[in-house]
Amino acid sequence: MVINKCFVLINECLELGINNKQNSSFETSIANALRNNENINNLSEIKDLEKYISNYKGSIFDVCKRNYRNLYVHDFTGEIPKYKSNDSTNFEIDIKMEDSFADCIALLKELDSFLKLIDKVVIKFIT
């Protein structure tokens with residue numbers, strides 16, 4: 001959800017005009033727009049951001065995002081996540097604690113890196 005909102009922010013800040021509501025490949029479209037826009041693609045910060053967006057698939061950030069969505073929600077939404085229900089009366093949530101702390105730290109580091117890139121782009125673009 002955070003990364004989806006970040007892409008919306010990039011879209012608005014750089015006035016790319018991509019429709020994130022109807023575009024099923026919104027993230028890819030953002031990366032392509034950054035790569036192909038002659039007015040902004042000469043900035044090194046933009047190039048770094050475009051490279052990150054193009055290559056982050058399969059990273060822990062992407063895996064966690066997909067796992068969270070598949071587990072709790074059907075799509076990205078502003079609503080409180082809903083647990084999947086089943087027909088049985090005994091509903092238990094399977095929580096895996098193994099390596100969760102290390103995964104969380106790795107996820108936060110990657111998110112930090114991504115947010116710093118966005119920060120650089122926004123500051124460079126508006127100054």
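A residue counts as buried when its relative accessible area is under 20%, as exposed when the value is over 50%, and as partly exposed in between. The legends below use these words for a model that is predicted.

**View 1. The aromatic pair of F7 and F114 joins two helices.**
F7 belongs to helix α1, which covers residues 2–13, while F114 belongs to helix α5, which covers residues 100–126, so this pair ties together parts of the chain that lie 107 residues apart in sequence. The centres of the two rings are 5.9 Å apart and their planes meet at 55 degrees, so the pair is described as tilted. Both residues, F7 as well as F114, are buried.

**View 2. Y52 and Y56 form a stacked aromatic pair.**
In this pair the distance from centre to centre is 6.1 Å, and the angle between the planes of the rings is 0 degrees. Y52 and Y56 are both buried. Ring pairs link these two tyrosines with F7 and F114 into a cluster, and the structure as a whole holds four aromatic pairs.

**View 3. The side chain of S59 reaches Y56 and E110.**
S59 lies in the loop between helix α3, residues 44–55, and helix α4, residues 60–72. The relative accessible area of S59 is 16%, which is under the 20% limit, and therefore this serine counts as buried. The side chain of S59 comes to 2.7 Å from the backbone oxygen of Y56, a tyrosine that also belongs to the aromatic cluster of the previous view. A polar contact, again with a distance of 2.7 Å, connects the side chain of S59 with the side chain of E110.

**View 4. C6 is buried and C13 is partly exposed.**
A disulfide is a covalent bond between the sulfur atoms of two cysteines. A search of the whole structure finds zero disulfides. C6 has a relative accessibility of 8% and therefore counts as buried, whereas C13, with a relative accessible area of 28%, is partly exposed.

**View 5. F101, I105 and L108 make a nonpolar patch on the surface.**
Together these three residues make a surface patch of about 320 Å². One of them, L108, lies in helix α5, the helix that also holds F114 of the first view. The relative accessibility of L108 is 48%, a value between the limits of 20% and 50%, so this leucine counts as partly exposed.

Notes:
Residues are numbered from 1 along each chain as its sequence is written. This is a predicted model: local features need pLDDT of at least 70, side-chain atom pairs count only at pLDDT 80 or more; totals for chains, interfaces and linings use all residues. Side-chain values use heavy atoms; hydrogens and water are left out. Rings of Phe, Tyr and Trp (its six-membered ring) pair if their centres lie within 6.5 Å; planes under 30 degrees apart count as stacked, over 60 as edge-to-face and the rest as tilted. Helices (H or I, at least four residues) and strands (E, at least two) are DSSP runs, numbered from the N terminus. Buried means under 20% relative accessible area, exposed over 50%, partly exposed in between (1.4 Å probe, protein chains only). A polar contact is a pair of N or O atoms within 3.5 Å; within protein, one must be able to donate a hydrogen and the other to accept it, and residues adjacent in sequence count only if both atoms are side-chain atoms. A disulfide is a pair of cysteine sulfur atoms within 2.5 Å. Patches are made of residues with over 30% relative accessible area and no salt bridge: like charges are joined within 9 Å, nonpolar side chains (Val, Leu, Ile, Met, Phe, Trp, Tyr) within 5 Å. Accessible areas come from the Shrake-Rupley method with a 1.4 Å probe; for residues, only the protein chains shown count as cover. A salt bridge is a side-chain nitrogen of Lys or Arg within 4 Å of a carboxyl oxygen of Asp or Glu.
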